[in-house]
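The questions below go through one protein chain, from its overall fold to its interior. Each answer ends on the item asked for.

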Amino acid sequence: MDMNKNNLVYEVIKRHKSNYPNPITLSKGQPIIVGKTYKDNEEWKNWIYCFTLDFCSEGWVPEQLINKQGKQAVMLEDYVAKELNVEVGEKLLKLKEINGWAWVRKIVTLEEGWVPLENILEDK
């Protein structure tokens, strides 16, 4: 993950609402099943749709966090696919960035999750 430019304050310039109410949560070393690669948005490369072995949970996972072994893989670090619902004007603290998305913390509520980089702008 890109650890440069961490902990900067950003402002939401475009609303984002999650389409995934039950995000996949994975632990380092956990085996998973690898599905399709995301192809729709050119800015969001290297996302793979994955499943837990029991198929009870699924979601998009950054390819860089996966050690692929055929159709199965093992997680290289802990990961949660929680997208954050944000409104224009909200202030966020960017904690990390990967594949066109930022893991952020809302400054007011301290809630954390992923938002597309295109929806936020560094607060000057």
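**Fold and core**

Q: How many helices and how many strands does the protein chain have?
A: The model is a predicted one. From the N terminus on, the elements run β-β-β-β-β-β-β-β-β-β-β-β. The count for the protein chain is therefore zero helices and twelve strands.

Q: What is the radius of gyration of the protein chain, set against the globule rule?
A: For 124 residues the globule rule gives 14 Å. The value for the protein chain is close to that, so the chain is as compact as a globular protein of that length. Its radius of gyration is 15 Å.

Q: Which strand gives the most to the largest nonpolar core?
A: That core has 26 residues, and Ile32, Trp47, Val61, Ile66, Met75 and Tyr79 touch the most other members. At least two residues each come from several strands, including strand 3 (31-37), strand 4 (47-52) and strand 9 (91-98). With five residues, the top contributor is strand 4.

Q: Which tryptophans is Tyr79 in contact with, leaving aside neighbours within four places in sequence?
A: Contact here means heavy atoms within 4.5 Å. The partners of Tyr79 include Ile24, Thr25, Leu26, Val61, Pro62 and Leu65. The tryptophans among them are Trp47, Trp60 and Trp114.

Q: How far apart do the centres of the positive and negative side chains lie?
A: The protein chain has 17 positive and 19 negative side chains. The centres of these two sets are separated by 1 Å.

Notes:
Residues are numbered from 1 along each chain as its sequence is written. This is a predicted model: local features need pLDDT of at least 70, side-chain atom pairs count only at pLDDT 80 or more; totals for chains, interfaces and linings use all residues. Side-chain values use heavy atoms; hydrogens and water are left out. Helices (H or I, at least four residues) and strands (E, at least two) are DSSP runs, numbered from the N terminus. The radius of gyration is taken over C-alpha atoms; the globule rule is 2.2 Å times the number of residues to the power 0.38. Lys and Arg count as positive and Asp and Glu as negative; His and the chain ends are not counted. The place of a charge is taken as NZ of Lys, CZ of Arg, CG of Asp or CD of Glu. A nonpolar core is a set of buried Ala, Val, Leu, Ile, Met, Phe, Trp, Tyr and Cys residues joined through side-chain atoms within 4.5 Å. Buried means under 20% relative accessible area, exposed over 50%, partly exposed in between (1.4 Å probe, protein chains only).
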